Amino acid sequence: DRLAEIEEALVEGIRGYKRRCGFTKAHLGVSGGIDSALVAYLAVRAVGAENVVGIAMPSRFSSEGSITDSVELCRRLGMRMETIPIEGPFKALLDALAPGFGDRPFDLTEENLQARVRGTLLMAWSNKFGSMLFTTGNKSELACGYCTLYGDMAGAIAPIGDLLKTEVFALCESIDARAERQGREAPIPRAIIDKPPSAELRPDQKDEDSLPPYAVLDAILSSYIVGNRSASEIVESGYEEATVKRVVRLVALSEYKRRQAAPVIKVSPRAFGMGRRIPIARAFHEASIR
């Protein structure tokens, strides 16, 4: 079972890296989303529920489900949960920046500011308690830059950084199905698996507002990164040229972020990091094919 093998590899990778770095505790931000849910599950398996803390950091844009689903996840996993609202520091930073920003509209700046407030809080927890911070980004996000430097990218290790988003969903389904076959409660609440992915950094935000549907995105990324196929070859295999060009360009533009990212646990033939770099000139050339 490939998914079971991936799960065991991730657990052992976390366990070994934590031990070599000298940590006994771990923590992560829990958002009510599927990525943080999977990382929390893996952390509990690798470190022990008594040594893991999930930290919810709601904002003015957080849905009610982001909190209730996080509470239910932590209950099922038997791990401690803390809640630290970010509205206070977020507003203080907006006030500090207001004279310089003037009447410019809300945009990616304010979205990233929220992620960086969260990253600061999570790193403060790491410093205060000697706890290893796990980032929760997946390979699809790292590939396309759908992540914030010094925000949700902050941390010591990215356990699912070599799993595409569709693989994250598949692994969560596999974990829950095994638990149910064994007569146990599913570790990951169904509500988390079923909800549309969202960063919740602006009203009614969905990942597909900024990215192609994950089924399409991941197929292109797998062909380009793992299969080492050219953009032209991917287009010839049946994918829309504009979408392929857009994805390849996003991959190229995001290289600077990946060079500053936490290390991932390699479970695919080609993972980011470990000497894997996207040839920028080639990527930009392929982004303007035809």
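The exercises below, each with a worked solution, concern side-chain pairs, helix packing and backbone angles in a predicted model.

**Exercise 1. Salt bridges between separate parts of the chain**

Determine how many salt bridges the model holds, and state for E87 and R60 how far apart the closest N and O atoms are and which parts of the chain the pair ties together.

Solution. Start with the criterion, which asks for a side-chain nitrogen of Lys or Arg within 4 Å of a carboxyl oxygen of Asp or Glu. By this rule there are 21 salt bridges. One of them joins E87 to R60, whose closest N and O atoms are 2.6 Å apart. Next, place the partners: E87 belongs to helix α4 (residues 87–101), while R60 is in the loop between β2 (52–56) and α3 (64–77), so the bridge ties together parts that are 27 residues apart in sequence. Finally, consider accessibility: E87 is partly exposed, with a relative accessible area of 28%, and R60 is likewise partly exposed, at 44%.

**Exercise 2. Two further bridges, with burial**

For the bridges R76–E185 and E111–R202, locate each partner and decide whether it is buried, partly exposed or exposed.

Solution. In the pair of R76 and E185, the closest N and O atoms are 3.6 Å apart. This bridge links distant parts of the chain, since R76 sits in helix α3 and E185 in the loop between α7 (165–181) and α8 (190–194), 109 residues apart. R76 has a relative accessible area of 26% and is partly exposed, as is E185 with 43%.

Turning to E111 and R202, the closest N and O atoms are 2.8 Å apart. Here too distant parts are linked: E111 is in helix α5 (residues 108–129) and R202 is in the loop between α8 and α9 (214–226), with 91 residues separating them. To assign burial, recall that the cut-off for buried is under 20% relative accessible area. E111, at 8%, therefore counts as buried, whereas R202, at 23%, counts as partly exposed.

To complete the treatment of charged groups, E7, E8, R45 and R178 are linked in a network of salt bridges.

**Exercise 3. Geometry of the aromatic pairs**

Classify the aromatic pairs F61–F106 and W125–F129 from the distance of their ring centres and the angle of their planes.

Solution. The structure contains 2 aromatic pairs. For F61 and F106, the ring centres are 5.7 Å apart and the planes stand at 75°, so this pair is edge-to-face. F61 is in the loop between β2 and α3 and F106 in the loop between α4 and α5, 45 residues apart, and the pair thus links distant parts of the chain. F61 is buried, with 18% relative accessible area, but F106 is partly exposed, with 39%.

For W125 and F129, the ring centres lie 4.6 Å apart with the planes at 45°, so the pair is tilted. Both residues are in helix α5, and their spacing of 4 residues corresponds to about one turn of the helix. W125 counts as buried at 14% relative accessibility, while F129 is partly exposed at 41%.

An aromatic ring also takes part in a contact with a charge: the charged end of R258 sits over the ring of F272, 4.6 Å from the ring centre.

**Exercise 4. The packing of α9 against α11**

Describe how α9 and α11 pack, giving the angle, the distance of the axes, the handedness of the crossing and the residues that meet.

Solution. Helix α9 packs with helix α11 (residues 241–253) at an angle of about 65°, and their axes are 10 Å apart. The crossing is right-handed. On the α9 side, V216, L217, I220, L221 and Y224 meet T243, V244, V247, V248 and V251 of α11. Taking V216 of α9 in particular, its C-alpha atom is separated by 8.9 Å from that of T243, 27 residues away along the chain. Leaving aside residues up to four places away in sequence, V216 touches Y239 and T243, and V216 is partly exposed, with a relative accessible area of 30%.

**Exercise 5. Positive phi outside glycine**

Locate Y150 and N228, and give the phi of each.

Solution. Most residues other than glycine have a negative phi. Y150, although not a glycine, has a positive phi of about 65°; Y150 is found in the loop between α6 (139–144) and α7 and is exposed, with a relative accessible area of 52%. N228, also not a glycine, has a positive phi of about 55°; N228 lies in the loop between α9 and α10 (231–236) and is partly exposed, at 39%.

Technical notes: Residues numbered from 1 in each chain as written. Predicted model: local features only at pLDDT ≥ 70, side-chain atom pairs only at ≥ 80, totals over all residues. Heavy atoms only, no water. Helix = DSSP H or I, 4+ residues; strand = E, 2+ residues; numbered from the N terminus. Buried < 20%, exposed > 50% of the residue type's maximum accessible area, 1.4 Å probe, protein only. Phe/Tyr/Trp six-rings, centres within 6.5 Å; stacked < 30°, edge-to-face > 60°. Lys NZ or Arg CZ within 6 Å of the ring centre and 35° of its normal. Axes fitted to C-alpha atoms, helices over the stretch in contact; angles between N-to-C directions. Left-handed = near helix turned anticlockwise from the far one by under 90°. Contact = heavy atoms within 4.5 Å.
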